[in-house]
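Trainee: Could you take me through one part of this model in detail, and set that part against the chain as a whole?

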Amino acid sequence: MPDSAELTPAAASFTWPSLLGVFAHPDDESLLAGGVLARHAAAHARLAVVTMTWAPDSPRAPELADTLRALGAGAPRMLGYGDARNPQAAPGRPRLVEAPLDEVIATLVQQIRSFRPDIIVTHDALGQLTGHPDHRRTHQAALLAAQDAGLPHLHPGAGEPWQPRAVYCATHPESGVGDLGPLLEAAGKPVFAVPDAYATTTVDVTPWLEQKWAAILAHRGEVARERPLPGILARLPEETRRDIIATEYFTRLTPGPVPGIPHQLTA
């Protein structure tokens, strides 16, 4: 995703970057970056989403397909690892948090080299507000895969090398938690936020709220339950819900080499 100045309506000469989302579960893509995904789709940017857990033949697969259709983000790319907290996600497959990290990285490298995105959007190091272990493992694997993908001697069977220009980690700064914090605490969930300085990019997604909310609602099983965030949001007054989901926050990281002073280490 472009930096903050580039996330305003584009000038005629601006080409929106291709974007690959890498998220742990079905619904993470909508909750964390649904507005940005819808914006890039509206700008006709190349767009795809990789979902780390839940199998392609699981009950959540058709919901994810409906979600991505609402966002204009293509067909599901489900890697089929098990969910750390739901054994029905991918019976017979290892849980994401227990799968060998090298194997997970290699699988993501193949996705990156196949799609060749300019930018990758994934989870932050905290694992979002609730610190979900699948979110944290996805963050770790995505950052390492973004670096590995550009090095030809790593994963030689995963396609031609490709180096994304940036990784954006979806996050919540302390000042941006707002009404969401008490709602999660009331549901018995922890609330983790990063210092405000860690949020390098703040996106007002109000123009794309209709698509974002339709995408969240497409995760029908989660909406029907009380504790998952889609269910919490669905039971809120519309104005409160809009305030919560109208802003998306990110931390920009650079996976490839960044020029500095040639003969000195600098901060």
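Mentor: What follows looks closely at helix 4 and its surroundings, and then moves outward to other packing in the chain. Please keep in mind throughout that this is a predicted model.

Helix 4 covers residues 133-148, and because 16 residues at 1.5 Å a residue should span 22 Å, the separation of 22 Å between its end C-alpha atoms agrees with that expectation. The buried residues of this helix are Asp 134, His 135, Arg 137, Thr 138, His 139, Ala 141, Ala 142, Ala 145, Ala 146 and Asp 148. In reading such a list it helps to recall that an α-helix has 3.6 residues a turn, so residues three or four places apart point the same way. The partners against which the buried residues of helix 4 pack are strand 1 (19-23), strand 2 (47-53), strand 4 (119-123) and strand 5 (166-171), together with helix 1 and helix 3 (101-115).

Just before this helix, in the loop that runs between strand 4 and helix 4, lies Gln 128, which counts as buried because its relative accessibility is 5%, where the cut-off is under 20%. Setting aside neighbours within four places in sequence, Gln 128 is in contact with His 135, one of the buried residues of helix 4, and also with Leu 32, His 123, Ala 170, Thr 171 and Phe 192.

Helix 1, one of the partners of helix 4, comprises residues 28-42 and also packs with helix 2 (residues 60-71), at an angle of about 40° and with the axes 8 Å apart. That angle makes helix 1 oblique to helix 2. Helix 1 brings Glu 29, Ser 30, Gly 34, Leu 37, Ala 38 and Ala 41 to this contact, while helix 2 brings Leu 64, Thr 67, Leu 68 and Leu 71; by class, the residues are 6 nonpolar, 3 polar and 1 charged.

Further along the chain, Leu 229 belongs to helix 8 (residues 229-234) and, not counting residues up to four places away in sequence, touches Leu 31, Leu 180 and Leu 184.

As for the whole, the chain has 9 helices and 7 strands, and 52% of its 267 residues count as buried. Of the contacts in the chain with a separation of 6 or more, 76% are between residues 24 or more positions apart. The C-alpha trace spans about 55 × 45 × 35 Å along its principal axes, and the radius of gyration of 18 Å agrees with the value near 18 Å that a compact globule with 267 residues would have.

Key: Residues numbered from 1 in each chain as written. Predicted model: local features only at pLDDT ≥ 70, side-chain atom pairs only at ≥ 80, totals over all residues. Heavy atoms only, no water. Axes fitted to C-alpha atoms, helices over the stretch in contact; angles between N-to-C directions. Helix = DSSP H or I, 4+ residues; strand = E, 2+ residues; numbered from the N terminus. Parallel < 35°, antiparallel > 145°, perpendicular 65-115°, else oblique. Contact = heavy atoms within 4.5 Å. Nonpolar A, V, L, I, M, F, W, Y, C, P; charged D, E, K, R; others polar. Expected span 1.5 Å × (residues − 1). Buried < 20%, exposed > 50% of the residue type's maximum accessible area, 1.4 Å probe, protein only. Rg over C-alpha atoms; globule rule 2.2 N^0.38 Å.
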